[in-house]
Amino acid sequence: MAVSGIIFQMITLFIMMFAGYVSARAGLISPSFRRGLSSLVLSTAFPCCIVSSVLQSGGAPGSMLVALGVSVAFFALMIALAAVLVRIVPTPKEERNLDQLLLVFTNLAFMGIPIIQALYGVEGVAMLSMFLLVFNFLVFTYGVMLLDGSGDINLRQLVNPGVVSALIALFFGLTGWGRLPDPVESALASIGSINTPMAMMIIGASLAHSDIRAAFTNPRLYRVSFLRLIVMPLVFIGLAFVIPINRMLAGLCVIVAAMPIAGNCSMLSDIYTPEDMTASHATIVSTLISGVTLPLLVLVMSVVGLG
């Protein structure tokens with residue numbers, strides 16, 4: 001694996017985030033406008049990105065099916081591991097739901113796509129698209145359930161652009177029917193292309209709208225970041241030597257587990273709990289720390305033979 005490629009991608013993403021920070025400080029992005037952008041990305045750009053990625057991947061239905069099975073197992077392990085960690089590591093009961101959200105959902109869409117592209121090329125992106133399907137389904141069901149604290153899933157939560165786009169992409173991925181009229185595919189790709197830059201700018205704007213001192217002096221955020229960026233990917237590195245699995249898929253699981261907290265967490269928090277900036281602060285802190293931990297993890301993967 002090329003560590004230099006990871007560093008290049010991380011710098012690019014941080015520049016996007018800085019652009020959002022400067023725009024917010026200049027008054028171009030207000031808190032209410034930021035929340036509107038969050039809804040726009042989650043409801044439009046992210047779904048288009050998912051469908052477009054499957055259409056462009058050219059993955060064979062058989063390999064896509066294997067990747068789908070691995071991604072389901074991956075997120076099942078992530079959910080179980082997060083539930084265990086918030087009980088092993090002293091975590092106040094009222095903070096556990098949000099902490100589990102922050103531990104389960106990694107930035108595999110906004111940061112993962114360019115990073116995986118640099119490491120594994122088109123085939124890696126094809127495999128990642130199956131992870132995106134499961135991620136998208138869970139973030140709008142399990143994720144919303146954690147945030148609203150209801151303890152159950154409202155069926156109406158399943159009818160939203162994210163889940164609908166996941167089902168459409170799943171159909172294309174598993175049937176191998178990968179063509180739509182060229183103007184439609186072009187439109188999906190163009191709208192989906194704003195996914196990463198807009199999400200990173202939203203994170204930067206959140207930083208500008210936040211109490212920076214509160215964010216970087218909150219021990220909770222470093223606890224969650226340590227579990228998210230170091231403990232969880234190391235667990236998956238260990239599992240890669242125990243579970244017989246394709247090396248690319250094993251490496252993909254480790255990289256996805258090593259990503260910082262998903263921008264979706266702060267964007268969902270903007271929508272469901274706008275008064276609580278914890279998710280935004282955690283996303284910012286973990287993203288900045290990942291600039292160091294992610295290249296180091298890629299180096300470790302190369303040393304142990306997962307590269």
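Colleague: Let's settle one word first: contact means that heavy atoms lie within 4.5 Å. With that in hand for this predicted model, which residues does Phe 131 touch, not counting residues up to four places away in sequence?

Modeller: Leave out those sequence neighbours and you still get a good list. Part of the list is Leu 108, Leu 249, Leu 252 and Cys 253. The rest of what Phe 131 touches is Ala 67, Val 70, Ser 71, Phe 74 and Phe 75.

Colleague: Phe 131 seems worth following. Which helix gives the largest nonpolar core its largest share of residues?

Modeller: That core has 106 residues, and Phe 131 is among those with the most contacts inside it, along with Phe 74, Phe 75 and Phe 105. The largest share of the core is 16 residues, and these come from residues 112-139, that is, helix H5.

Colleague: Now for the charges. Which residues are linked in a network of salt bridges?

Modeller: Start with Glu 95, which pairs with Arg 220 at 3.4 Å between the closest N and O atoms. Arg 223 also forms a salt bridge with Glu 95, again with 3.4 Å between the closest N and O atoms. Arg 223 meets Asp 99 as well, at 2.8 Å from N to O. Put together, the linked residues are Glu 95, Asp 99, Arg 220 and Arg 223.

Colleague: And how many salt bridges does the count come to?

Modeller: For a pair to count, a side-chain nitrogen of Lys or Arg has to be within 4 Å of a carboxyl oxygen of Asp or Glu. Going by that rule, the number of salt bridges is 4.

Colleague: How many residues apart in sequence are Asp 99 and Arg 223?

Modeller: Asp 99 and Arg 223 meet in a salt bridge. Asp 99 sits in helix H4 and Arg 223 in helix H11, so the pair ties together parts of the chain whose separation in sequence is 124 residues.

Colleague: Is Asp 99 buried or exposed?

Modeller: Buried means under 20% relative accessible area, and exposed means over 50%. Asp 99 comes in at 2% relative accessibility, so Asp 99 counts as buried.

Colleague: What about Glu 95: buried or exposed?

Modeller: Same cut-off here: a residue needs to be under 20% to be buried. Glu 95 is at 19% relative accessibility, so the verdict is buried.

Colleague: Let's go to the surface. What is the relative accessible area of Val 303?

Modeller: Val 303 lies in helix H14, which runs over residues 278-304. Val 303 is also part of a nonpolar surface patch that includes Phe 241, Ile 243 and Leu 299, with about 840 Å² of accessible area together. Val 303 counts as exposed because its relative accessible area is 69%.

Colleague: Zooming out, how many helices and strands does the chain have?

Modeller: Read along the sequence, the pattern is α at each step. The totals are 14 helices and 0 strands.

Colleague: Last one: what is the radius of gyration of the chain?

Modeller: The C-alpha atoms fill a box of roughly 50 × 45 × 40 Å along the principal axes, and 54% of the 307 residues count as buried. For that length the globule rule gives 19 Å, and the chain comes close to it, so the chain is as compact as a globular protein of that length, with a radius of gyration of 18 Å.

Definitions and conventions:
Residues numbered from 1 in each chain as written. Predicted model: local features only at pLDDT ≥ 70, side-chain atom pairs only at ≥ 80, totals over all residues. Heavy atoms only, no water. Core = buried A, V, L, I, M, F, W, Y, C linked by side-chain atoms within 4.5 Å. Buried < 20%, exposed > 50% of the residue type's maximum accessible area, 1.4 Å probe, protein only. Helix = DSSP H or I, 4+ residues; strand = E, 2+ residues; numbered from the N terminus. Patch = residues over 30% accessible without salt bridge, like charges linked within 9 Å, V, L, I, M, F, W, Y side chains within 5 Å. Areas by Shrake-Rupley, 256 points an atom, 1.4 Å probe, with all protein chains shown as cover. Rg over C-alpha atoms; globule rule 2.2 N^0.38 Å.
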